[in-house]
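Reader: Could you take me through one part of this structure up close? I'd like to hear about the charged pairs, and then whatever sits alongside them.

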Amino acid sequence: MGRLTTSLCGIELDNPVIPASGTFGYGCEFAELYDINILGTFSFKGTTREPRYGNTPPRIAETPSGMLNAVGLQNPGVDKVISEELPALKKVFHKPVMANVSGFSLEEYAYVCGRLDAEPQIGWLEVNISCPNVHGGAMAFGTEPKSAAKVTKAVKKAAKKPVIIKLTPNVTDIVSVAKAVEAAGADGISLINTLLGMRINLSSKKPLLANTTGGLSGPAVFPVALRMVYQVAKAVKIPVIGLGGISTAEDVIEMMLAGACAVQVGAANLIDPFVCPKIIKQLPKTMDKYGIKNLKDIIGGAL
């Protein structure tokens with residue numbers, strides 16, 4: 001076992017670095033740039049039952065120290081993911097992959113999770129109840145503890161593999177939602193998804209995004225993400241994945257000290273497609289700088 005190894009819901013990872021859903025496609029695009037087997041794993045693009053075109057452009061906007069996106073869960077649908085994306089991925093990625101699932105009803109969440117649970121390469125199901133960029137679903141389930149628990153229970157009935165619930169930061173009490181999904185059977189929690197924001201075009205005097213609002217990500221959200229990971233890790237006994245503004249080895253260590261057993265790198269992949277291998281390469285030197293022998297030893301060290 002190496003210095004960087006960690007465990008996520010009973011599955012060993014070579015390192016804690018996981019590209020976040022929506023920033024890494026289904027893996028094959030990045031496999032053309034480098035050997036993606038260097039990663040701990042990755043979370044593939046949010047998948048729904050039916051294909052989705054997503055929101056009308058423009059759906060990306062820059063902000064200071066971050067970006068807004070309102071892509072709207074564009075994806076080919078679960079049938080095509082199973083018939084095309086996963087067979088292609090198997091040729092270039094030889095580890096368990098994390099399947100990110102979105103839905104607009106309890107039945108849809110359960111159906112998509114059940115389909116993907118049967119696929120051998122799927123190691124975890126990351127259930128997104130936290131997307132702020134679609135109307136009538138997703139985030140609506142994650143903003144209230146009872147609704148979040150209902151999704152968790154529905155998915156747990158449909159799946160045997162570890163279920164990780166992805167939480168929204170757009171709530172007043174993140175801990176109550178986290179404790180509700182834990183009580184409903186969640187095997188892990190990932191947080192945070194993006195913060196709801198907007199920009200206005202001064203020339204047109206209209207919102208920059210066609211969707212009006214979008215999700216804020218990037219370094220600007222890191223302190224908020226760190227605070228919420230700390231609060232949730234302190235309140236639950238299941239594993240926590242930390243994400244939100246991570247772009248350096250120092251960010252990884254800080255997030256793990258707050259209680260995360262692994263981290264996800266999101267917006268940084270869109271700025272530098274090589275950011276994840278760079279972080280992995282830099283981690284041992286950064287650990288030496290701070291007197292850290294093994295990453296497992298520091299999980300929750302600040303709690």
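Author: Let's start with the term itself: a salt bridge is a side-chain nitrogen of Lys or Arg within 4 Å of a carboxyl oxygen of Asp or Glu. Keep in mind that this is a predicted model. D272 and K278 make one such pair, with their closest N and O atoms 2.8 Å apart. In total, the structure holds 7 salt bridges.

Another one joins R3 to D288, and here the closest N and O atoms are 2.9 Å apart. This pair ties together distant parts of the chain: R3 lies in the segment before β1, D288 sits in helix α10, and 285 residues separate them. R3 counts as partly exposed because its relative accessibility is 29%, and partly exposed means between 20% and 50%.

Then there's D79 with R115, whose closest N and O atoms are 2.8 Å apart. That pair also links distant parts of the chain, with D79 in helix α2 and R115 in helix α3, 36 residues apart. D79 is partly exposed, at 48% relative accessibility, and R115 is partly exposed too, at 27%.

Now for a helix with a buried side. Helix α7 covers residues 222–235, and at 1.5 Å a residue its 14 residues should span 20 Å; the end C-alpha atoms are 20 Å apart, so the two agree. Its buried residues are F222, A225, L226, M228, V229, V232 and A233. And what covers them? The cover includes α6, β9, β14 and α8.

Technical notes. Residues are numbered from 1 along each chain as its sequence is written. This is a predicted model: local features need pLDDT of at least 70, side-chain atom pairs count only at pLDDT 80 or more; totals for chains, interfaces and linings use all residues. Side-chain values use heavy atoms; hydrogens and water are left out. Helices (H or I, at least four residues) and strands (E, at least two) are DSSP runs, numbered from the N terminus. The expected span of a helix is 1.5 Å times one less than its number of residues. Buried means under 20% relative accessible area, exposed over 50%, partly exposed in between (1.4 Å probe, protein chains only). Contact means heavy atoms within 4.5 Å.
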